[in-house]
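Work through the two exercises below with the structure open, and follow each solution step by step.

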Amino acid sequence: MAQMTAVERTRLPAGPTPGALFDLVRSGRAVTRSALGTATGLSRTAVSARLDLLLAAGLLTLGEQVTTTGGRPSESLRVAAEAGTVLALAIGRSRHQVGLYDLDGTEIASDAALHRAGSSAPDLMPDVVGLAVALQAAHPGPPLLAVGMSLPGAVDTEALTSVGSPVIPGWDGVPLRPFLEPLGEVPVWLGNDAEALAHAELLGRPDLRDALVIKASTGIGLAVLADGRLVRGHDGAAGELGHCRVPAGADKVCRCGATGCLETVAGGWALIGERTDGLDHVRELVALARDGETEARAAIRRAGQHLGEVLAVAVNLLNPEAVVLGGDLSMAFDPLAGGVKETLYPRTSELATRRLRLLPSVHGERAGLVGCAALALDHALAPAAIDARLVATLG
């Protein structure tokens, strides 16, 4: 959504805007009038003026009575979850998922389908959008405010295109916006699959501030959270962990065309390639590991060891509070995390790891879809977007 002009801003109260108060309520940092006053420095009258706008627009609603520090009960505030919806579109190498969510991030409905690995954007996008349109038709209700979408590998968030991803090479530079027209005139926010996973973690763990979020699946990606914000890098290419060079991959050719990438010894495609029993996807390997097959568990543990070697550098540099393991391989968390620990801790400083937590993705197998919803919500409900919506309502 476009930023407001100076003229538009004058239609809202001066100082902390209604959007800023909305954000405090949404994050749970302040959910009563008195708490909002303390957080913003606004008077009770000024807080009420802003809340009146948000309540009248149907963006906030009154919740339960809570007891304040002074002992007096006060009405709490919460986001009006029913005021709108967002669509989530998570596209992977061989599966696409769609979901409809309310403004609290609660799933209303979802669907998924398998597709042929290597499908082009013109071949696959009509199927993805068709699934989304059918989902909306089956669950009519509040207006659609935004669409969140993820693809494997680097993306151009402005042009809405994939950028040179070896996972979906036929998508490189193909504009996706025209395929999304059946969804209506709504903002579309695009991220890569690791970024979507990070958004899911922030939704499920709102106190998470500094973390490395790993997407370990067919490929390997990384998202960096610093003070609760996603670090995308200068060209949006931050997190290409899978294509860091490792000694164990010295003689192995990667999907990207280079030799020695981490993915050649730890990516799901490489682990499947080592098998002789015709497995088609890393999810099958994970299922065998969870059923106790020794060979599958050992392969995933080795992948974790290689992953830990590369992560050690990032942990020493960034000193995160947590490393979150997500993606298909993380569904066999014990062998994967065990392997990571074996190589990560000996290669990092005691100060960098003394309070480090190694965590499974909070949303498990649905993390990618939830992350796309969170991506849409984080933009559609950002303070500037809320203020712009109020300005439009004020006329």
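**Exercise 1. Determine how strand E3 is joined to strand E4, and place this pair in its sheet.**

Strand E3 (residues 85–91) and strand E4 (residues 95–102) run antiparallel and are joined by 7 bridges, where strands (E, at least two residues) and helices (H or I, at least four) are DSSP runs numbered from the N terminus, and two strands pair if DSSP finds at least two bridges between them. Within E4, His96 is the residue that stands opposite Ile91. The model is predicted, so that local features need pLDDT of at least 70 and side-chain atom pairs count only at pLDDT 80 or more, while totals for chains, interfaces and linings use all residues. Residues are numbered from 1 along each chain as its sequence is written, and side-chain values use heavy atoms, with hydrogens and water left out.

Next, the sheet is open and has 5 strands in the order E5-E4-E3-E6-E9, with mixed pairing. Because strand E5 (107–114) and strand E9 (188–192) each have a single partner strand, they stand at the edges, and one side of each is left without a neighbour in the sheet.

**Exercise 2. Establish whether Leu55 is buried, partly exposed or exposed, and list its contacts.**

First, locate Leu55 in helix H4 (residues 44–56). Its relative accessible area is 26%, so Leu55 counts as partly exposed, the class between buried (under 20%) and exposed (over 50%), with a 1.4 Å probe and protein chains only. Finally, leaving aside neighbours within four places in sequence, Leu55 is in contact (heavy atoms within 4.5 Å) with Arg33, Leu60, Thr61, Leu62 and Leu77.
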